Amino acid sequence: MDHKNKFYVTTPIYYVNAKPHLGSLYSTLLADAAARWHALQGEKVFFMTGTDEYGQKIAQAAHKADKEPQEFVDSFLDSFKDLWHAYNINYTFFARTTSKHHIKAVQDWLKKLIEKGEIYKSFYTAWYCVHCEAYLTDKEAENQRNGIPLCPTCGRETQQVSEESYFFRLSAYQDRLLEFYKNCPDFITPSERLHEVVRFVESGLKDLSISRTTLSWGIPFPDDEMHVTYVWAEALNIYITSVGYGDPHRKDEFEFWWPADLQVMGKDIVRFHAVYWPAFLMASGLALPKKLLVHGWIKIGEQKMSKSLGNAIDPHLLRETYGTDPVRYYLIRYMAITHDSPFSSGDLENRINSDLADDLGNLLNRVLILAQKNNVMHIEKFENLELSEIDLRDLFWSCLEVFEYDMSDYFFHRAYANLWAFLKNLNHYLHVQEPWKKSAKSDPEKLKRVISAACHGLYAVAVLLWPVMPQTMEKLAECLGLTIPLENNIIEQLKSEPWHREFNLTVCPPLFEKYGVEEREGIVIPKETLQPEKITTEEKIIPTISIDVFNQVELVVGTIEQVEDIAKSDKLYVLQVNFGVRGFRQICSGIKKHFAKEDLLGKQGIFVFNLAPRKMIGYESNGMMLLAESEDGTLKMSTIDGIVTNGTRLR
Ligand code: MSP
C-alpha cells in the first residue's frame, strides 16, 4: 500500500466531566484545518478525535452529580459531537475509551508488555493531582503550601497516593528518548517546546506507576482485577486503537495509517505525548508519530480559559453571534500556536469587519457588481497575460511558496498573515487598474482582463482559505463558477497554472456581516450625563431622546471578577468584568469610598458597554458601571433581579 499519500491526524481525547469550551474547540479546529490542508493536496485523510472517559476526575464528577460513571459520561457525548458538527469539524472517527475494542486492545497491550518485562509490580508512594490526572516528580513536589505540594500545571493541592502498583520501565527509555529527540529535531512544532521536553528527560526519568487499586472506574488490569489502568496509560493508546491496533482483522488498516502524521495538543499535556507516549511505543515495537503540534492556551485576562475557573466561553453562543467560519478564522489566525493568546470579542469583531468583510467580502462584491453592471458575467480565458497580470500572478506564486513553508510547520497564523498580504495586493491591483472608470468600459477587453485577474486571485485565496472557512470559501468559488476539488493536488495545480481559467460569475449576498458598526458610531448622549463622578442629587434638565438614540447605548450585564486598588487614588478601583461571550473588560470606577472589595466581587451589574475607552490615572477604562445615589449620598450598584448570562444586552 502507498504510505506516502496519507495523513493521519489526531486531537487529544477530551475529558467528559463538562461540556466542551472554546479551548477544547481550539485543539480540534487546528486538527481540522491541518486535515483539510492535506486533503487539498489530494492526500487520504484520517482524522481522529474522541473522549477520555475513565479516571479519578471523571469518577469524582459522576459521584458529585449522583450518577453512575457510565451514565454520566454518556450524558456529555452529544455536547461534543454537536459542537464539532456545528463548527464543521470533518472528523473520520470519534473514539471513546469505554469502547469494547479499546478496552480489549489495551488489555492485550498490557499483557504483551508484562510478558516482555516492560511492566512489573511494586509499591508506590507519590503526590498526585486529580485535576490533571498526573503524578508529580520529586522536584515538582518541592513547591508546597502548608506542607502539601502544589501541581505545577494547574496550581491545585495534590494528594498523596500510596499503594501497590504496576510500573512501566520508563527509566530504561531515557537515553533512547534523548537520542530520538536529537535525531528528530522537527518532532515538535514549535521547536522551543522540544527543548523543554529534553530538559525534563535529562533531569532523570523514574518508572511510571500505571495502575491504581483505590479506583474502580478504569480499564481492569489483565489477570489482576484489583488494579485498574492509570488513565493516561490507556488513553494514549486510543491513537493506535482508533486505526485498528489490537484487532487481527484490521492489520492492513493499522499498517496503512500508523504512525500518525500529526498529533495536536495544548502545552499542558506535552509531557504525556512527548515522553510517555514515545516510550510506550518504543516498548511495543511500534513507530513513533511524525510530529506533535503543541499550541498555547486561550486566555481570559491573565488566566487560562477553563470550566473550573468559571471563565469559559461557550462556543455555541459565539457561533450564534458571529457565525461558524468567522469564529474558525479568528481562532486559527489570531490565536498564535506559539503563544498563549488572549481572547477578546471586541478584537474578533474588528477582525471580522476589517479582514473578512472589507478585505475579502468587499473585494468579491466589487468584482461581481462590476461584471454585472457591464454585463460580462462570462469571462473567457486569456492565453497571453499582460505585464500587470503577470506581476499579480507572480506575487501569488511567491506568496504560495511562503504559505507552504509556514504550513509545513502548521504555523497557521503566519501562513494566513502572509496570504492577507497578497489579498491587500489584490485589492491594490484593482484600485490601480480602476476598471470602473469610463476608459475601461470603452475598452471591454481590458475590463474583462482586470476582472479575470481579480477572479484568479480570489479563487487562489479561496482555495488556501478553505481549510479555515470551508463553507464560505465554497460559496466564494461558486460565485466564480468554480469548485474546490479534493481529488487531485490542487495546491500543485495552483503553483503551475498560468491563470488561464474561464469564469462564470454569479452575484451572491455579502459573504460576511459587519459587527457593532451601528452601535459604535455616533453616540449622541452627552458623555457627562453617564459619568458616575458627575452624578449629583441636583435635578438636571436632560432633554428627551428618541428610542433610536437610546438604542445606541449598549447596556450589558457583567460579573465583577476582580477588584484592584490604584496606589495613587483613594477613589478609583480597577475592575475586571466578565461579559461572557463578549470577553473580559477592564473598567475603572470611582466607587472605592462606597464599596469594600468583597461587596463587589462576584456581583452581577449593568454596564455601559460602548462608551469610548478613556484613561483614568494611567489605567484604560472600557465601559462604565451604572450606579444610583441614595438619599444619604451612598452609591448603590444597579443589579438584575435574578441571574442572567453575562454579556446579555438590556433592552
Ligand atoms: N484527556 C486529556 C487528553 C488525553 S489525550 C490521550 C486532556 N483532556 S482536556 O479535556 O483537559 O484537554 C483537551 C485539550 O484541550 C488539550 O489539548 C488542552 O490543552 C486543550 N485546552 C483546554 N483548555 C484550553 C485553553 N484555555 N486554551 C487552549 N486549549 C486548551 O487533557
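# Salt bridges, ligand shell and backbone details

Biologist: How many salt bridges does the count come to?
Modeller: This is a predicted model, in which local features need pLDDT of at least 70, side-chain atom pairs count only at pLDDT 80 or more, and totals for chains, interfaces and linings use all residues. Residues are numbered from 1 along each chain as its sequence is written, and side-chain values use heavy atoms, with hydrogens and water left out. A salt bridge is a side-chain nitrogen of Lys or Arg within 4 Å of a carboxyl oxygen of Asp or Glu. By this rule, the number of salt bridges is 36.

Biologist: With which residue does Asp108 form a salt bridge?
Modeller: Side chains of opposite charge can pair when their charged atoms come close. In this pair the closest N and O atoms are 2.8 Å apart. The two residues stand four apart in helix 4 (residues 100-115), so about one helical turn separates them; helices (H or I, at least four residues) and strands (E, at least two) are DSSP runs, numbered from the N terminus. The partner of Asp108 is Lys104.

Biologist: Is Asp108 buried or exposed, or does it fall in between?
Modeller: Buried means under 20% relative accessible area, exposed over 50%, and partly exposed in between (1.4 Å probe, protein chains only). Its partner Lys104 has a relative accessible area of 48% and is partly exposed. Asp108 has a relative accessible area of 25%, and therefore counts as partly exposed.

Biologist: How many residues apart in sequence are the parts tied together by Lys267 and Asp340?
Modeller: The side chains of Lys267 and Asp340 meet in a salt bridge, 2.9 Å from N to O. Lys267 lies in the loop between strand 15 and helix 10 (270-284), whereas Asp340 lies in the loop between helix 12 (324-334) and strand 19 (341-342), so the separation of the parts, in residues, is 73.

Biologist: Which residue forms a salt bridge with Glu445?
Modeller: Glu445 is partly exposed at 43% relative accessible area, while its partner counts as buried at 9% relative accessibility. The two are four residues apart in helix 17 (residues 444-465), about one helical turn. Both also belong to a network of salt bridges that links Glu386, Glu389, Glu445, Lys446 and Arg449. With the closest N and O atoms 2.9 Å apart, the partner of Glu445 is Arg449.

Biologist: Which element gives the most to the shell around the ligand?
Modeller: The shell holds 24 residues, the closest being Asp52, Gly266, Asp268, Ile298 and Met305; a residue is near a molecule if one of its heavy atoms lies within 4 Å of it. Strand 2 (14-15), helix 1 (22-40), helix 7 (231-235) and strand 15 (262-266) each supply at least two shell residues. With three residues, the element that gives the most is helix 1.

Biologist: How many charged residues does the shell around the ligand have?
Modeller: Ala, Val, Leu, Ile, Met, Phe, Trp, Tyr, Cys and Pro count as nonpolar, Asp, Glu, Lys and Arg as charged, and the others, Gly among them, as polar. The shell has 14 nonpolar and seven polar residues, and the number of charged ones is three.

Biologist: How much of the area that the ligand exposes when taken alone does the protein bury?
Modeller: A nitrogen atom of the ligand is 2.7 Å from an N or O atom in the side chain of Asp52, and a nitrogen atom of the ligand is also 2.7 Å from a polar backbone atom of Ile298. Taken alone, the ligand exposes 670 Å², and the share buried by the protein is 93%.

Biologist: Which residue is joined to Pro190 by a cis peptide bond?
Modeller: Pro190 is placed in the loop between strand 10 (188-189) and helix 6 (191-202). The omega angle of the bond is about -5 degrees, and the residue joined to Pro190 is Thr189.

Biologist: Near what value is phi of Asn146?
Modeller: Asn146 lies in the loop between strand 7 (144-145) and strand 8 (148-149). At 73% relative accessible area, Asn146 is exposed. Its phi is positive in a residue other than glycine, with a value near 50 degrees.

Terms used:
Polar contact = N/O pair within 3.5 Å; in protein donor to acceptor, adjacent residues only side chain to side chain. Areas by Shrake-Rupley, 256 points an atom, 1.4 Å probe, with all protein chains shown as cover.
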